[in-house]
Amino acid sequence: MPDAGSAARGHLRLSRRKSTGLALLGAAVIGLLALDALVGPAGLLGSEALRQALSGAGMGSDTALGLIVWEIRLPQALMALSIGAALGLAGAEMQTVLDNPLASPFTLGISSAAALGAALTLVLGLHVPGVSDSWALTATAFVFAAACAALLDGVARRARLGAAGIVLFGIALVFTFNALLSLVQFVANASALQDLVFWMMGSLARSSWPGVIAMLAALLAVAPFSMRSAWQLTALRFGEERAVSFGVDTRRVRRAALLRISLLSALAVSLVGVIGFVGLIAPHIARSFWGEDHRWYLPASALVGSAILIASAIAAKLVSPSFVLPVGIVTTLVGIPFFVAAVMRRQAA
Amino acid sequence: MTAMADSTPQAAVEGLRVSGLNTRLRGRPILEALSLPQLSPGSLVGLLGPNGSGKSTLLKSLAGLVPSSCAGLSLAGRDLRALNASDRAEYIRYLPQTLPGDIHLTVIGSMQVALRARRPLDRRDELPAIVNALEELGIAHLANRYLDELSGGQKQLVGLAQAVCREPDVLLLDEPLASLDLNHQHHVMQMLGQLTRERKLLTLIVLHDLNNVLRYCDQALLMRGGKLVGSGAPDAVITEQSLAATFSIRARLETSSQGLPYVLVDGRLPD
């Protein structure tokens with residue numbers, strides 16, 4: 001039997017390894033980000049061209065390359081980074097508070113609810129006085145997402161559905177919201193319809209600097225609260241009763257987490273539409289490498305989410321030289337086999 | 001034991017006092033007007049009774065995990081009724097039967113959660129304290145293993161370590177010996193007895209093995225149908241008559257060659 005010192009040393013070694021892994025992952029995300037800015041329908045940028053584009057006049061650059069990099073590729077790449085992180089973080093918190101490895105904003109209907117909210121605003125032409133139309137859309141998306149999250153939580157707590165039941169309930173919500181979305185589509189006029197289709201597919205194509213800044217700001221605002229709850233969230237993994245016995249006010253922790261999830265999902269949906277499976281896959285990868293100590297699990301899940309979405313965006317550009325696929329299609333095609341594998345592993349366990 | 005008036009000075013009031021406890025689950029009364037004798041710190045109290053007699057519900061009611069009403073619930077003179085479950089956990093710590101099976105967290109990580117989830121502690125001494133607690137339970141060699149790789153019995157020990165590390169006043173354990181082998185059962189009972197006496201804990205423990213109650217507990221409470229039907233020294237509570245009345249079994253109490261009392265069960269009584 002090892003002495004006390006070796007157990008403590010082993011723990012510190014493990015912690016160091018996890019921190020190093022996280023740093024490497026961060027570096028990989030930055031590398032992917034640079035690669036994303038280099039490739040696109042206008043061709044691969046050489047290092048010379050890139051330097052010219054970046055060093056030139058910055059955002060005001062009027063060369064063609066500068067415009068492409070500054071107005072198209074960088075906003076898209078940074079949007080992929082921040083949306084991926086938001087979905088990864090939201091998915092990780094959601095899997096913990098609903099105690100379900102198949103939970104994510106996409107699989108349980110929160111994204112669809114947000115999309116429905118956004119679509120209604122768009123089609124009905126709702127105007128909130130004093131609020132610009134694009135933020136009004138974000139606000140309704142948030143209200144719908146939060147209502148859906150509250151419904152999921154209420155059903156999970158009160159109906160004693162069990163893990164499988166919640167997933168089925170969530171999938172029922174997805175179908176319901178998608179049907180309502182189709183209804184909205186049916187009555188929409190031509191220009192609104194075009195916007196709707198864009199939303200339902202999930203695409204980075206309309207990324208803009210204000211959108212990127214809003215998403216990054218939301219992430220920076222929400223992440224500290226997530227990290228502050230890291231121990232309480234980890235405690236929730238031990239089950240309701242044990243978490244309470246650790247002195248955790250589980251209801252408050254859960255509500256705060258669902259509020260963060262709704263906020264991140266709604267903003268993501270209102271900016272780029274419904275992008276599926278990132279919030280489901282990222283937590284699984286983060287969990288298997290970093291474990292479920294949420295001090296690592298949450299940031300790792302966010303970074304893995306960024307990496308997945310940026311890589312998907314690069315893949316979406318490389319499929320064909322003549323067009324860029326909506327990134328939501330790529331993540332869904334990659335995500336479905338993963339989802340099936342996760343379900344089967346769960347059945348086997 | 002006499003009922004003390006509310007005006008008794010705090011210092012004179014010791015231990016856990018429970019009176020008039022009512023708990024309903026899904027509309028069905030489980031515990032009705034249940035009162036316990038005063039339970040003192042430093043005692044290991046065995047909670048006995050057939051399945052469905054309300055043992056788990058009693059523990060959860062005391063911990064505040066299920067809604068209940070209580071005429072009196074105090075610990076060392078402090079009224080606990082107004083505290084919600086997470087605040088009550090400062091004084092009374094309830095340990096569910098098992099740990100979930102699929103947590104990808106190390107044993108040390110699990111102990112850190114138990115220590116830090118409420119509020120940050122002084123972290124300098126944390127790691128040695130954790131390793132020390134693990135050593136007491138004989139699981140220090142598992143310190144950096146992940147929970148989802150451990151056997152049921154090993155997980156049970158980790159769960160127990162989580163419960164004792166924060167040093168509550170009252171420890172409520174729901175069948176902590178389930179899924180432990182014989183060696184570990186006796187190890188855990190010995191350790192609980194030692195902790196209870198050294199740290200002046202009050203430990204309420206649901207046990208099915210009557211011989212463990214006779215051997216390790218200072219006191220026994222016998223429940224049936226949501227009511228307390230016996231309390232006192234284990235060998236006074238566990239008798240042929242009380243076992244026949246509560247468990248419907250024919251049993252004898254005999255003294256082993258080492259002079260220890262043992263329950264020998266001959267069979268079921270006819271219904």
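The exercises below work through a predicted model of two chains, A and B, each with its solution set out in steps.

Residues are numbered from 1 along each chain as its sequence is written, and chains are lettered from A, with ligands numbered from 1, in the order in which they are written. Because the model is predicted, local features need pLDDT of at least 70 and side-chain atom pairs count only at pLDDT 80 or more, whereas totals for chains, interfaces and linings use all residues.

**Exercise 1. Describe the make-up of chain A, and determine how helices α5 and α11 of chain A are oriented to each other.**

Step 1. Chain A has 14 helices and zero strands, where helices (H or I, at least four residues) and strands (E, at least two) are DSSP runs numbered from the N terminus.

Step 2. Of its 349 residues, 51% count as buried; a residue is buried if 20 or more other C-beta atoms lie within 10 Å of its own, exposed if 12 or fewer and partly exposed in between, with C-beta atoms placed from the backbone.

Step 3. Where contacts in chain A join residues at least 6 apart in sequence, 78% of them link residues at least 24 apart, a contact being a pair of residues whose C-beta atoms, placed from the backbone, lie within 7 Å.

Step 4. Helix α5(A), residues 133-158, packs against helix α11(A), residues 250-272, at an angle of about 140° with the axes 8 Å apart; axes are lines fitted to C-alpha atoms, for helices over the stretch in contact, and angles run from 0 to 180 degrees between N-to-C directions.

Step 5. The two helices are therefore oblique to each other, since angles under 35 degrees count as roughly parallel, over 145 as roughly antiparallel, 65 to 115 as roughly perpendicular and the rest as oblique.

Step 6. The crossing of α5(A) and α11(A) is right-handed, a crossing being left-handed if the near helix is turned anticlockwise from the far one by less than a right angle, and right-handed if clockwise. Among the residues that meet there are A:Leu137, A:Phe142 and A:Asp153 of α5(A), and A:Arg254, A:Leu258 and A:Ser270 of α11(A).

**Exercise 2. Lay out the open sheet of chain B and say which strands stand at its edges.**

Step 1. Six strands of chain B form the open sheet in the order β6-β7-β8-β3-β9-β10, with mixed pairing; two strands pair if DSSP finds at least two bridges between them.

Step 2. The edges are held by β6 and β10 (227-232) of chain B, each with a single partner strand, so one side of each is left without a neighbour in the sheet. From one strand to the next the twist averages 15°.

Step 3. Strand β6(B), residues 92-95, runs parallel to β7(B), residues 170-174, and four bridges join them, with B:Arg93 opposite B:Leu171. Further along, β3(B), residues 43-48, and β9(B), residues 219-224, also pair in the parallel sense over four bridges, and B:Leu48 has B:Leu222 as its bridge partner.

Step 4. Both faces of β6(B) are covered, as B:Ile92 and B:Tyr94 on one side and B:Arg93 and B:Leu95 on the other are all buried.

Step 5. In β7(B) lies B:Leu172, which counts as buried because it has 26 C-beta neighbours inside 10 Å. Setting aside residues up to four places away in sequence, B:Leu172 touches residues including B:Ile92, B:Arg93, B:Tyr94 and B:Leu95.

**Exercise 3. Place helix α5 of chain B in its surroundings.**

Step 1. Helix α5(B), residues 152-165, has 14 residues and reaches 20 Å from its first C-alpha to its last, close to the 20 Å expected at 1.5 Å a residue; the expected span is 1.5 Å times one less than the number of residues.

Step 2. Twelve of the 14 residues are buried, so α5(B) is largely enclosed by the rest of the structure.

Step 3. Its buried residues pack against β6, α3 (107-116), α4 (126-136), β7 and α6 (182-198) of chain B. The helix lies across β6 and β7 of chain B, running at about 175° to β6(B).

Step 4. With α3(B) the packing angle is about 30° and the axes are 9 Å apart, which makes α3(B) roughly parallel to α5(B). This crossing is right-handed, and among the residues that meet are B:Val107 and B:Met111 in α3(B), and B:Val158 and B:Cys165 in α5(B).

**Exercise 4. State how many residues each chain gives to the contact between chains A and B, and which element of chain A gives the most.**

Step 1. Chain A supplies 28 residues and chain B supplies 34 residues.

Step 2. On the side of chain A that touches chain B, the elements giving two or more residues are α1 (4-38), α9 (230-236) and α10 (240-245) of chain A, and α1(A) gives the most, with six residues.

Technical notes: Contact = placed C-beta atoms within 7 Å.
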